[in-house]
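Hi,

Here is the structure I promised you. Have a look at it first, and then read my notes below.

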Amino acid sequence: MDDVAIRCEGLGKLYCIGERERYRALRDTLTEALYAPVRRLHSLVRGSNNGAAAERDITFWALRDVSFEVRYGEVVGIIGRNGAGKSTLLKVLSRITKPTEGRVRIKGRVGSLLEVGTGFHPELTGRENIYLNGAILGMRKAEIDRKFDEIVAFAEVERFIDTPVKRYSSGMYVRLAFAVAAHLEPEILLVDEVLAVGDAAFQKKCLGKMGDVAKEGRTILFVSHNMTAVQSLCGRAIWLQGGQVVQQGDAAVVATEYLQTTAESCLVQAWPDPQDAPGNEKVRIHGARVVDLDGAPIAMIDTRTPFSIEFSYWNLKEGAHLNLAVSLYNQEEVCVFTTTTVNEPRWHGKAFPAGLYRSVCHVPGNLLNDGSYRAVLLVVRDLANILYCHQDIVVFEVQDSAEGRGKWYGKWSGAVRPELNWSTERLSSRMNVGLTAGSRRGR
Amino acid sequence: MTMSTNASSELETIPAEIVIEPSRGWIPVNLREVWAYRELLYFLTWRDVKVRYKQTLIGAAWAIIQPFFTMVVFSVFFGYLAKVPSDGIPYPIFVYCALLPWQLFAHALAESSNSIVGSQHLITKVYFPRLVAPIAAVCGGLVDFAISFLVLLGMMAFYGIVPGLAVLTLPLFVLFAVVTALAVGLWLAALNVQYRDVRYTLTFLTQLWLFATPVAYSSTLVPEGWRTLYGLNPMAGVVEGFRWALLGKAAPAGPLLMVSVAVVVLVLIGGLHYFARMEDTFADQV
């Protein structure tokens, strides 16, 4: 195991739920001790093994048969839903809790960050907490002395360094806590979701710092829900589900695969029978699909992917002048756009004979921001009368795209994410002239 | 947890390879690792001391007020009214001299018993040898002890008592009080994780122990033949040792001290192993 930093073999962790949720009173143990022989006798007489069955009910495997290797300098993301065992895995690797089975070998100095600000004491000042927290995270005093100014500057709390942290704003508190953690220099770093704290600007700083650390060739194990961060920071990812490894490999591939199975989308709806299709005596909906440009089912849409939404419907009234209007709503219930068929060249403005129709709307890439969207379909007659309105005709997820972001891994703000053209020119080499002429006209 | 040290780099005591596996059977006590984390031990103790009197009006004066007023009350009721014999030593200093190690012990015992439960936010989030917590808790009481010791010096000057050479043994008795507290505290700290009954037992236990210790009275009240057995209470040896070292009272009997040492060593070794056995479950159960 020359270049293997972490080797995990058949790791398992069994939790007894009963024990974990509440502490035992001595009374419980005493009564249990009294009843145990009786119970054992009972099961002996009945010839069954009730005791074991009861035990199985209150235990569960938070991790089971987890095996993987991490090489030196590798940055590995651990992804999975809540309760998949990600945090338990980190707890076992950072030696907070013991595994029930299996074995881990770790070569190198380990630093773990399961939360920011572990051991911060509200009564102590910022300065005192830096030392305390540093020591708790495994830093030497000499090391903290050396990095002290850097930590304070990173946290941007210079003015308040001798104020008790209980008087800090929550933002300052988190910044200070992260600053200490960020200056930890172990060979192997285990990080859990700590980046999900603080304001956007600070998150950016933290992720930037993580990126720097990764580039220095440090080994990092990174648990996160932020797929963008995982995809941009990690080379490899391990996907856990129900305590077991579902997939491991290239971070982009695993993350994509993970997103596909977890997105709560409704990409296809179909009502083949006009009798019970949604609608009324004038129009009925046959179906709707989100597809790629060739009309094939689409696996994943990211912010750069162009795609189409197909609607098919029955016109039941001979000669009606129909058009469609589609409104797209994002998670915040903001209507991102409404589009209609008024520019459609072939059928718009004509009388529709009765029959089945299909209208396709092309949505270009580089338009939608990442997030979840739902479409509302309106079928309109004579450009004014709404014949039928269908909520959530399709629901789809637009994934984040790591490209074109630079070093910013946080949430990209905005209802849309268009790719717009920019140009920059140098107006002058002289500072004063450039300032007066440039800044007034620049905006 | 099995740890094996391979090549040691610039960090002398941090092992180069860690093997994490389920613990079975006999678990060795890893004191070397505690030594490697001595800086954390220092910072945790320092935190306890710093935080204790923050946002109090009179601060560290509390460390003096408590033993001082206990001494006054004891002097009035036991010394003046009940006329408890004090072997020819003025009763106030006789009792204050015993209250110092007693309060050091009682405080250390309470803090160490509560150390694991009290630091559960650390235990569940970061690894360090769990032994550091009770040890740091015990050390925190030494500062209070030093402060209240100043009052004792003042009282000795007032009564014109000059200690003999025996005063040089005083640090040994201080250490003995602390180790006794740690030995019992280790058991209680580990038990406390699983059984919160410890919290209620503790006040009660400390109270009984106080009366079983010759603080308000002299151990010479105990019949001669029983004194060796009295050594089963290690604090009896500590308190009598203090009076001997500082006030020139007759030296505590050798057999009594030996019994005390033997008891403490046994309880300490047992406590260390029980603690080591239980510490793997702390994070899950606390």
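Let's start inside chain A, where the side chains of A:Arg127 and A:Asp162 meet in a salt bridge, with N and O 2.9 Å apart. This pair links distant parts of the chain: A:Arg127 belongs to helix H5 (residues 126-136), while A:Asp162 is in the loop between helix H6 (141-155) and helix H7 (170-182), 35 residues apart. A:Arg127 is partly exposed, because its relative accessible area is 34% and the partly exposed range runs from 20% to 50%. Keep in mind that this is a predicted model.

A second salt bridge in chain A joins A:Glu69 and A:Arg7, whose closest N and O atoms are 2.9 Å apart. Here too, distant parts of the chain are linked: A:Glu69 is in strand E2 (residues 59-71) and A:Arg7 in strand E1 (residues 4-16), 62 residues apart. A:Glu69 is partly exposed as well, at 30% relative accessible area. Both residues are in a network of salt bridges that also takes in A:Asp3 and A:Arg71. Over all chains, the structure holds 29 salt bridges.

Now for the place where the two chains meet. How many salt bridges does the rule find across the interface of chain B and chain A? There are 6. One of them is between the side chains of B:Glu21 and A:Arg103, at 3.0 Å from N to O. B:Glu21 lies in the loop between E2 and H1 of chain B and A:Arg103 in strand E4 of chain A, so this pair joins two chains. A:Arg103 is partly exposed, with a relative accessible area of 29%. A:Lys13 and B:Asp284 also meet in a salt bridge, with 2.7 Å from N to O.

The strands join in too: strand E4 (residues 101-107) of chain A pairs with E2(B) in the antiparallel sense, over 4 bridges. Within that pairing, look for A:Arg105, which stands opposite B:Val19.

As for the whole interface, 46 residues of chain B are in contact with 46 residues of chain A. The two chains bury about 4,300 Å² between them, and 57% of that is on carbon and sulfur atoms. B:Ile20, B:Lys125 and B:Asp284 supply 16% of the area that chain B buries against chain A, more than any other three residues. B:Asp284 is the one you met above, in the salt bridge with A:Lys13. The rule also finds 11 residue pairs in polar contact across the interface, both residues at pLDDT 80 or more.

Cheers

Note on methods:
Residues numbered from 1 in each chain as written. Chains lettered and ligands numbered in written order. Predicted model: local features only at pLDDT ≥ 70, side-chain atom pairs only at ≥ 80, totals over all residues. Heavy atoms only, no water. Contact = heavy atoms within 4.5 Å. Buried area = accessible area lost by both parts, 1.4 Å probe. Salt bridge = Lys/Arg side-chain N within 4 Å of Asp/Glu carboxyl O. Polar contact = N/O pair within 3.5 Å; in protein donor to acceptor, adjacent residues only side chain to side chain. Pairing = 2+ DSSP bridges. Buried < 20%, exposed > 50% of the residue type's maximum accessible area, 1.4 Å probe, protein only.
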